Amino acid sequence: MEGNTAWLLTSAALVLLMTPGLAFFYGGMVRSKSVLNMLMMCFGAMGLIGVLWVVYGYSMAFGDDVGGGLLGDPFEALGLSGLMGGDALSTTGFVAFQGMFAIITVALIAGAVADRMRFGAWLLFAGLWATVVYFPVAHWVFAFDNEDSGVVGGWIANDLGALDFAGGTAVHINAGAAALALVLVLGKRRGWPKEPMKPHNLPYVMLGAGLLWFGWFGFNAGSALAANEIAGVAFVNTLTATCAAMLGWLLTERLRDGKATSLGAASGVVAGLVAITPACAFVDTWGALSIGAIAGILCALAVGLKYRFGYDDSLDVVGVHLVGGLVGTLLIGFFGTTNVNEGSVDGLFYGGGASQLGIQAVGAIAVLLYSFVVAAILALIIKYTMGLRVAAEDETTGIDEAEHAESAYDFAGGRGGRAASVDTGAPSGNAKKLEESKS
């Protein structure tokens, strides 16, 4: 028991690290005048959702069902009452672990609205969406019936029987659908798609991808909730699929564009992590390789859909997380096998027929539609009350200065020369040489 608790708490810390990793990943992809705002959107989600989770979010997600497998009782563990001492103390590890899932799910949405959404509006949307979408959907997907305690869980996990080991539906499809709805309501960035909006710091992007990959081992293997063989399977499959996805993305770039890019490598890593998340404990090595390669190729192609259909998903949340989540969730119906986990099913390629594929599709579509519709309603309410977007002038000059009164880079303050000598009263080295040459 102590070993399992230690692994769960370690995994929770790894998952928390994913959100700063995401901040660097997204932050490097935006222009230099927007990087602080992107970091703040991710860190803001950490603060806000962390509070909501311990106050009522955990209870809504994992409390006893209050009807139809749709929602846990929000008052059952209000403020984690009854969970912070005595015999229930071991539950706090699970509370912490699942809280990190809630945080990063909300933070994922931020990349879609880079450069143009007001920070206050973002926090309001994040809090409302977590309350009416993420917490209930986590109940649908992650809350299992407990016969010993009599607790009833969510409908997707128990009644439908869809498999989602670590969050393909509850996290990635959920966030991707909300991102699509939000960008449709928010509108395009000024100048998109005619104006070049290239990443300002690709090393940040690579660093962020590396931190995400590192933390994702806690995300997936930690979802076993124990230091056991299933955690090992999830860990190895997370490595396997991610490597294959990166290669798949790079191959697609090479064939389509003639070059394999660092941005493509980082994006392929994330696509593979997303796709293997729901399947990581339900497939063997060949399944993991296949899911990763398919996700890398399809997500690389999907990021171009925004140009065809005209929605400005700034950092490709839809193309990577919605599409990658759908790929991983649906492919369980093909590659699932009981050879690695008795809790899995045999998919179509392992003699199990197509029934599980249909079940997976129902779960995925239900989450997608619910998240999309509710996110659109929330965004419209905020748009016509407090407003969603920064002013056009502020978007042009830079959202960092407009929303946070800061800039990420000070290019003028530390260059030396005549400007540096003004404050100190003493000439700089270059200024002194100039004076000597004049004399």
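**Reading the calls on this model**

Q: Why does S59 count as buried?
A: S59 has a relative accessibility of 1%. Buried means under 20% relative accessible area, exposed over 50%, and partly exposed in between, with a 1.4 Å probe and protein chains only. At 1%, S59 is therefore buried.

Q: What are these values based on?
A: The model is predicted, so local features need pLDDT of at least 70 and side-chain atom pairs pLDDT 80 or more, while totals for chains, interfaces and linings use all residues. Residues are numbered from 1 along each chain as its sequence is written, and side-chain values use heavy atoms, with hydrogens and water left out.

Q: Where does S59 lie, and what makes its link to A77 a polar contact?
A: S59 lies in helix α2. Helices are DSSP runs of H or I with at least four residues, and strands are runs of E with at least two, numbered from the N terminus. A polar atom of the S59 side chain lies 3.0 Å from the backbone nitrogen of A77. A polar contact is a pair of N or O atoms within 3.5 Å; within protein, one must be able to donate a hydrogen and the other to accept it, and residues adjacent in sequence count only if both atoms are side-chain atoms. The 3.0 Å distance falls within that limit.

Q: How do you know that F24 and Y204 pair, and which geometry do they have?
A: Rings of Phe, Tyr and Trp (its six-membered ring) pair if their centres lie within 6.5 Å; planes under 30 degrees apart are stacked, over 60 edge-to-face, the rest tilted. F24 and Y204 are 5.2 Å apart centre to centre, with 85° between the planes. The pair is therefore edge-to-face. It links distant parts of the chain: F24 sits in α1 and Y204 in α7 (residues 202–221), 180 residues apart.

Q: Are these two residues buried or exposed?
A: Neither term fits. F24 has 28% relative accessible area, so it is partly exposed. Y204, at 26%, is partly exposed too.

Q: What makes the largest pocket a pocket, and what lines it?
A: On a 1 Å grid over the protein atoms alone, a pocket is an open set of points with protein on both sides within 12 Å along at least five of seven lines. In a cavity, a 1.4 Å probe fits but cannot get out; lining residues have an atom within 4 Å of a point. The largest pocket holds about 1000 Å³. Its lining has 38 residues, with F62, F94, F142, F144 and L225 the closest to its centre. Helix α3 gives the most, six residues. F62 and F94 also belong to one aromatic cluster with W53, Y56, Y58, Y134 and F135.

Q: How many cavities of 30 Å³ or more are found, and what lines the largest?
A: The search finds one. Its volume is about 40 Å³, counted as the space filled by probe spheres set on the points, which are joined across faces, edges and corners. Its lining includes V141, I156, D164 and Q360.

Q: How do you know that the span of α8 is close to what is expected?
A: The expected span is 1.5 Å times one less than the number of residues. Helix α8 has 29 residues and spans 42 Å from first C-alpha to last, against an expected 42 Å.

Q: What is found at the two ends of α8?
A: At its start, a side-chain oxygen of N228 reaches to within 3.2 Å of the backbone nitrogen of I230. After the helix comes G258, with a positive phi near 90°.
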